[in-house]
Amino acid sequence: MSRRPLTRSIARPALWVVVGVVLLALPYTVGPYPIHVVDVTLVFAVLAIGLGMALGLAGQINLAQIAFFGIGAYVLAIVTTDAGWGFWAAAVVSLLASVVAGLAVGVPALRVQSHYLGIVTLGLALAFTSWVTNSSVTQGANGISNIPVPPLLGVDLSSEYLYYYLELVVFVAGLAFALFVVRTRLGRRMRAMRDDAIAAGALGADVRVLRLLAFTVSSVYGGVAGILYAGLIRYVSPDSFTISTMFLLLAMVVIGGRQSIVGCVLGAVVLSLAREWLTDFATYAQLGYGLVVVLAVVFAPTGLAGLPARLGLGRRRDGAERGALHDFVPGPATAAAVSDAGPADLQVEGIGKTFRGLRALHEVRLSVPAGAIKGVVGPNGSGKTTLLNVVSGLYTPSTGEYAVGGVRATALGPTALSRHGVARTFQNLRLFADLTVRDNVLFALDRSRSAASAEYLVWPVGVVRDERRLRAEAEELLAEFGIADFADLAPRSLPYGIQRRVELARAVATGPRILLLDEPAAGLNGQEVAQLAQIVRTIRDRGVTVVLVEHNMGLVMSLCDEVAVLANGSVIADGTPEQVVADPAVVEAYLGDSSQLRDLVPDQRTIREAAGDDAEEVRA
Ligand SMILES: Nc1ncnc2c1ncn2[C@@H]1O[C@H](COP(=O)(O)OP(=O)(O)OP(=O)(O)O)[C@@H](O)[C@H]1O
């Protein structure tokens, strides 16, 4: 492991100490109006962190953050003034109301994503602003005044100077919690989901729960900001919760850097101050924010937070410091990663899959014995990938059933199947491109449930312990798979062969009982194919069933105990490699493509080259 230079390990804590001292001393240095601006800025900083968690971290376009903010403030105003509750009791009700709104807004995200989600959440935000403007409960455009000052151990919080310290404590707690989430399993899972929801689901992350969680977390920050705002201003009106305020908030997150929580805070500070300076030019200011957002999205997608990297400061994550791909050396981490439950068999019974009239699979019957390596071959378009997509839960079959390890799995989705021990790789590599290689493996090693994220609130020490354990396991696994040199790099910066190895390590890290490999040798050179053969064999020997979809017939012939041949969506042959290549139906199926026919019956040299030097020993 590389050591951090001393200057860097001192510089960061020193910066935090300086920022802390400045924040504590701030009220002593400013007048009454500036402290008001600072107080409002802190409210926006809390709001921006919440939006950053949904938008930046989890990739959920959330234009309803302004509604969560408004609900926090309005419910507090109504409950304290109409119902006469105390401030803090009302604050609890407000927070619950915001969370309920967060869950409700999260539900559409289970069905729609990207700009559609933007439209839905914008609609919900508009519905909220329309309701507060027109409802008698919210006293329409007049708003609600006489919100009480929050009582706090005799401290006079009607002073905006003292209120600042209350806000500062809440802000620091909110920032610390957000950074904790970002750096541990929940944040990693959200980032993985943002990068590739299909791969995240297929590797065991419950994407639906994660999306709901993203909106819930965002709504908590929105609700807290609303409560702070109502306690500060002691008056709420629709003017504070308009769509233009939502776009200002969006601008804060985009300009600050949506994928960095500290960036979101920076954006909130910069734009809150800019808003103050531009109060006399409100219309031009709106135009200006719009323009800056567009420029930021196009030319600086990482915002202010990404400036140091763009200026060449800080850590380089790709390119220059690249190391070497080492040989696979199986050890305790590989053994520990493989499931204790032992290999699972796969029984496929009459599976059919039709895509809008196109019959991709028809009455497929297949048996993969536990602990075997079964090859699935066939001409292009014969249905191999579709079959893998069905048995890994990505596609629901149109007809038929299948069972994994004796359990009927037809109705299970990819997440449930992953938890049942089905792991897979993808033909077109679906690594999480914005996560490091280490984080890709960590994501897969972490088998905790997203729904158990309440541990973040009730027992954060447990989260930290798990994180330490996972990191130690990941380092070992990376070393055994020969990819430790690339641990800190983004996969997209790596050559294809290394990416394939990372994807294999990630699949093994899920602790599989059956491993589905979709053309794992595509794009690999001879030496890399030999390493692949060794890895697959070792994993099988450690107690994993393997299904290998492959065009490299040398590899299939040398590795597989059995081979099934698909043609036009049907199994036309199934048996030992020798039986299959001698089958006239197979030869006929390949006749249309003479190059594949040549591949189908490789000579012994090709087999040895593809499978490594010890191929003959294994075949014996
Ligand atoms: N999502 C989809 N929608 C529509 N058609 C699809 C879909 N997925 C696969 N198909 C079609 O189903 C057929 C089988 O495709 P599939 O990718 O399973 O073949 P394959 O044997 O894996 O091919 P290759 O060896 O080229 O990867 C093809 O005709 C393909 O166009």
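**Exercise 1.** Determine which elements each supply at least two residues of the shell around the ligand.

*Solution.* Take helices (H or I, at least four residues) and strands (E, at least two) as DSSP runs, numbered from the N terminus. Strand 2 (358-368) and helix 15 (384-391) each meet the criterion. Helix 15 gives the most, with 3 residues. Near here means that the C-beta atom, placed from the backbone, lies within 6 Å of the molecule. The residues surrounding the ligand include Leu-358, Ala-360, Lys-384, Thr-385 and Thr-386.

This is a predicted model, in which local features need pLDDT of at least 70, side-chain atom pairs count only at pLDDT 80 or more, and totals for chains, interfaces and linings use all residues. Residues are numbered from 1 along each chain as its sequence is written.

**Exercise 2.** Locate the largest nonpolar core relative to the domains.

*Solution.* A nonpolar core is a set of buried Ala, Val, Leu, Ile, Met, Phe, Trp, Tyr and Cys residues joined through C-beta atoms within 7 Å; buried means that 20 or more other C-beta atoms lie within 10 Å of the residue's own, with C-beta atoms placed from the backbone. The largest such core has 189 residues, and Leu-548 is among those with the most contacts inside it. Helix 9 (residues 207-233) contributes the largest share, 16 residues. Domain 1 (32-309) and domain 2 (332-430 + 496-619), with bounds from an automatic or database domain assignment, both give residues to this core, so it lies between them.

**Exercise 3.** State the predictor's confidence in the complex.

*Solution.* The predictor gives an ipTM of 0.96 and a pTM of 0.85.

Note on methods: Buried ≥ 20, exposed ≤ 12 C-beta atoms within 10 Å, placed from the backbone.
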